[in-house]
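Thank you for sending this model along for comment. My remarks follow as numbered points, beginning with one charged residue and moving outward from there.

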Amino acid sequence: MGIFQRAGDLVKSNINDLLDRAENPEKMVKQIIIDMEKELQKCTDALGQAMGSQRQMKKQLDKAKAESQEWENKAKMALKAGKQDLAKQALAKKVNCDKQVEQFQPMYDQCTAQVDTIKGQVDALKMKLDEARSRQSTLIARSKMADAQKSMAKTLGSMDSSSAFSKLDKMEEKIESKEAQAEAFSDLAGTANSADDPFAELEANSAVDDELARLMAEMNGGE
C-alpha cells in the first residue's frame with residue numbers, strides 16, 4: 001500500500017507551503033504535476049494487476065460452480081437410471097467441486113473488495129490531478145506577481161527618500177540662484193542699453209530741465 005500512501009501524501013500536500021519553500025515555485029508546481037502523474041500511473045498499473053487477479057479468480061470460481069452443477073446433473077441421471085452407486089460417485093465429485101467453490105469464493109470476494117478500493121483511490125487521484133492542473137496556471141501567475149512585488153519592495157526599500165528629496169531641494173536652490181543671476185544680468189543689460197541710448201538721454205535731460213524751470217519759478221514767485 002506504499003504507492004497509495006505516497007499518492008495520498010501528494011494529494012494532501014499544501015501546495016502554497018511547497019511554493020514558500022521552493023527556490024523556483026514555477027518548476028516546483030510543474031514537478032508536483034509530474035509526480036502526481038507518475039503516482040497515478042503506478043496506481044493504474046496496480047489496479048490493472050488487481051483486476052487481472054480478480055478475473056482469474058472469477059474464472060476458477062465459475063469453473064468450480066459449473067463442474068459442481070454438472071456432477072449434480074449426472075447424479076440425477078444415474079438415479080433415474082437406477083444406478084445408485086454411479087450416482088454416489090458423481091456426488092463425490094460434486095462435493096470436491098463444492099469445496100473448491102468454498103475456497104475460491106472468499107478469495108474472489110477479497111479480490112473484488114481490493115479492486116473497488118484501488119479503483120476509488122485512482123478516481124480520487126484523477127480528480128486531484130485535474131484540480132492541480134487547473135490550478136497550475138493560476139499558481140504560476142501568482143508566483144510571478146509575488147516576484148514582481150518583492151522586486152519592487154526591495155527597490156523602494158533600498159531608496160533613501162529623505163536623501164533623495166534633500167538632493168532635489170539643493171538642485172532647486174541652485175536653479176533658483178541661476179534664475180536670480182539671470183534676472184540680475186538682464187536688469188544690468190537693460191541699464192547699460194538705456195545709457196547708450198541717445199533718446200533716453202534726451203528724455204532724461206528734458207525731465208531735468210522741466211524740474212529746474214519749475215523750481216526757479218517757485219523761487220521767483222516766492223520773492
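1. In this predicted model, I would begin with Asp-62, which is partly exposed because its relative accessible area is 33%, a value that falls between the 20% and 50% cut-offs. The side chain of Asp-62 meets that of Lys-58 in a salt bridge, with 2.7 Å from N to O, and Lys-58 is likewise partly exposed, at a relative accessible area of 31%. Both residues belong to helix α3, where they sit 4 residues apart, or about one turn of the helix.

2. A second pair within helix α3 is Glu-70 and Lys-74, which are also 4 residues apart and so separated by about one helical turn. Their closest N and O atoms are 3.7 Å apart, which is still accepted as a salt bridge because the rule asks for a distance within 4 Å. Glu-70 is partly exposed with a relative accessible area of 41%, and Lys-74 is partly exposed with 37%.

3. The pair formed by Glu-37 and Arg-133 deserves separate attention, since the salt bridge between them, with closest N and O atoms 2.8 Å apart, ties together parts that are 96 residues apart in sequence, Glu-37 lying in helix α3 and Arg-133 in helix α4 (residues 84–158). Glu-37 counts as partly exposed at 33% relative accessibility, and Arg-133 counts as partly exposed at 40%. In total, the count comes to 10 salt bridges.

4. Glu-72, Lys-76, Lys-94 and Asp-98 are linked in a network of salt bridges. Two of these residues, Lys-94 and Asp-98, reappear together with Cys-97 as contacts of Ser-68, once its neighbours within four places in sequence are left aside. Ser-68 lies in helix α3 (residues 25–80) and counts as buried because its relative accessibility is 6%.

5. Turning to helix α5 (residues 161–196), which holds Lys-167, I note a surface patch of positive charge made up of Lys-167, Lys-170, Lys-174 and Lys-178. A surface patch of negative charge gathers Asp-169, Glu-172, Glu-173, Glu-176, Glu-179, Glu-183 and Asp-187. Lys-167 counts as exposed at 56% relative accessibility, whereas Asp-169, also in helix α5, is partly exposed at 43%.

6. For the chain as a whole, the secondary structure comes to 6 helices and 0 strands, and 19% of the 223 residues count as buried. Among contacts with a separation of 6 or more, 83% join residues 24 or more positions apart. The accessible surface comes to about 16700 Å², with 55% of it belonging to carbon and sulfur atoms.

How values were computed:
Residues are numbered from 1 along each chain as its sequence is written. This is a predicted model: local features need pLDDT of at least 70, side-chain atom pairs count only at pLDDT 80 or more; totals for chains, interfaces and linings use all residues. Side-chain values use heavy atoms; hydrogens and water are left out. Helices (H or I, at least four residues) and strands (E, at least two) are DSSP runs, numbered from the N terminus. Buried means under 20% relative accessible area, exposed over 50%, partly exposed in between (1.4 Å probe, protein chains only). Contact means heavy atoms within 4.5 Å. Patches are made of residues with over 30% relative accessible area and no salt bridge: like charges are joined within 9 Å, nonpolar side chains (Val, Leu, Ile, Met, Phe, Trp, Tyr) within 5 Å. Accessible areas come from the Shrake-Rupley method with a 1.4 Å probe; for residues, only the protein chains shown count as cover. Lys and Arg count as positive and Asp and Glu as negative; His and the chain ends are not counted. The place of a charge is taken as NZ of Lys, CZ of Arg, CG of Asp or CD of Glu.
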